[in-house]
Amino acid sequence: MTRISAPFLDDSGLHRVLAALTGAGHQALIVGGAVRNALLGEPVSDIDIATSSLPEQTVTLTEAAGLRAVPTGIEHGTITVVADGHGYEVTTFRRDVETDGRRAVVAFSDRIEEDAHRRDFTMNALYADASGEVIDPVGGLSDLAARRLRFVGEPRARITEDYLRILRFFRFHAWYGAKGAADPEALAACAELASGLGGISHERIGAETRKLLAAPDPTEAVALMARAGVLAHILPGADTHDLSALIAAEATLGLPAEWPVRLALLGADNAAQALRLSRDETRLQDQIATALTLPLPAAAYRFGPHIARSAALIATARGTPPAPDWQQQIAHAADAQLPIAARHLMPELSGPAIGAALRQAETAFIDSGFSLSKHELLALALGQDRQRKSD
């Protein structure tokens, strides 16, 4: 018998939800990521519950117990039950009736085996009761112990139900799989069916890619994606060769994993469109790309320390590390402020001439290592204008 031990098992709200369902004779079990992460000793963010209770019964029983039931996905069998200020997604056991590679038509079930067999990976098809006792219908415990990511059943069948599972395979391998332990059968199926990702929305692909690149070390997973031809489908032009060096540079400096920096390193063609990045995310990618073309102090002055540091990491990974004192350069440049403004150039200058003079002064200020004084910059800006007029 295997049991999980985790702080969430002491949550009174969780026990109130489970008791409302089991007290009426239904099965109600913690499922998926909460069980998986508890067994691995990793943090648990969300607690999902699977039950034999039908959605309408779940609403009736939990409300009778003084809880609040919100039908957040009732057509798919999901009710969010709020207990002690925390929301728990409670979903009726399901089996797939029809799939088209993007979404499934489901029928409700009262059998945990049917629910387990429609899930993606064996390590995600683990259940636990209120005491923490684990129920393992598809052999997920041994796979989890070996850090081996394996599809439930035949990989090709699972993928054709939802082609996004190709990306989920690599994402979960990055987070939970042991190096060198990727399932050959699963990899072959991902390679064979990679073109199916063309029918998946860019938003869903982007969400999975963000999570994958945010893993502590996604190097092997991304390399496997490239080898299987999957990366070329979602990020044409991406180059994975320097990713391991970037991860090493992050570790050396004690910096957190940041998926935007890793994405920028890959250098894909139009990643913003491919992953449906937000406006802010797209701006960040553009700024990092521009920073890579500038001297590091100029990048820090124009875009701030975070962008400059990102550019320094990428340059290091690509084999062109900045000067040893690059962190001091960034700090100094990021704090520098141009001593002159438009008002200092008037009335001698007006209109577009002011902007041109300020740009020229700013370039000179950066080139001087931010040492030119206000007086020197004014002389430069106004002197150049006087020279143009005399010419």
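1. The lining of the largest cavity is a good place to start in this predicted model. Nine names make up the list: Thr209, Leu212, Leu213, Val222, Met225, Leu231, Ile234, Leu235 and Leu266. Helix H9 (202-213), helix H10 (219-228) and helix H11 (230-234) are the elements that each give two or more residues to this lining, and H9 contributes the most, with 3 residues.

2. What is the character of that lining, by class? The residues divide into 8 nonpolar, 1 polar and no charged. The space inside the largest cavity is about 50 Å³, and a search of the whole structure turns up 1 cavity of 30 Å³ or more.

3. Now for the open spaces. The largest pocket holds about 1,600 Å³. Its lining is made of 45 residues, and those nearest the centre are Asp48, Arg94, Arg119, Asp120 and Arg168. By class, the lining of the largest pocket comprises 21 charged, 13 nonpolar and 11 polar residues.

4. Which element gives the most to the lining of the largest pocket? That is H7, with 6 residues. Several elements supply at least two residues each to this lining, including helix H2 (33-40), strand S2 (48-51), strand S6 (94-99), helix H7 (165-176) and H9. You may recall H9 from the first point, where H9 gives 3 residues to the lining of the largest cavity.

5. The second largest pocket has about 200 Å³ of space and a lining of 13 residues, with Ala264, Ala268, Ala271, Gln285 and Ala289 lying nearest its centre. Helix H13 (259-266), helix H14 (271-274) and helix H15 (279-291) each supply at least two residues of that lining; H15 gives the most, with 5 residues. By class, there are 8 nonpolar, 4 polar and 1 charged residues in the lining of the second largest pocket.

6. Please also have a look at the loop between H14 and H15, where Ser278 is found. Is Ser278 buried or partly exposed? With a relative accessible area of 34%, Ser278 is partly exposed. Ser278 and Ala28 are 250 residues apart along the chain, and their C-alpha atoms are separated by 38 Å.

7. Helix H18 (residues 326-335) is a nice one to turn on your screen. Trp326, Ile330 and Ala333 are buried in this helix. Viewed down the axis of H18, the buried residues fall within an arc of 75°, so they line one face of the helix. The face turned away from the buried side of H18 carries the exposed residues Gln328 and Asp335. As for partners, the buried residues of H18 pack against helix H12 (243-253), helix H16 (296-303) and helix H17 (305-317).

8. On to the nonpolar cores. In soluble globular proteins, nonpolar side chains tend to be buried together. Here, the largest nonpolar core has 113 residues, and those with the most contacts inside it are Phe8, Ile166, Phe169, Phe170, Val230, Leu235 and Leu345. Leu235 also belongs to the lining of the largest cavity.

9. What does Leu345 touch, leaving aside residues up to four places away in sequence? Its contacts are Ile340, Ile354, Ala357, Leu358, Leu378, Ala381 and Leu382. There is also a second, separate core of 10 residues, with Leu29, Val31, Ile112 and Ala125 among them.

Conventions: Residues numbered from 1 in each chain as written. Predicted model: local features only at pLDDT ≥ 70, side-chain atom pairs only at ≥ 80, totals over all residues. Heavy atoms only, no water. 1 Å grid on protein atoms, 1.4 Å probe; cavity = no way out; pocket = protein on both sides within 12 Å on 5 of 7 lines; lining within 4 Å. Points joined across faces, edges and corners; volume = space filled by probe spheres on them. Helix = DSSP H or I, 4+ residues; strand = E, 2+ residues; numbered from the N terminus. Nonpolar A, V, L, I, M, F, W, Y, C, P; charged D, E, K, R; others polar. Buried < 20%, exposed > 50% of the residue type's maximum accessible area, 1.4 Å probe, protein only. Arc of directions from axis to C-beta. Contact = heavy atoms within 4.5 Å. Core = buried A, V, L, I, M, F, W, Y, C linked by side-chain atoms within 4.5 Å.
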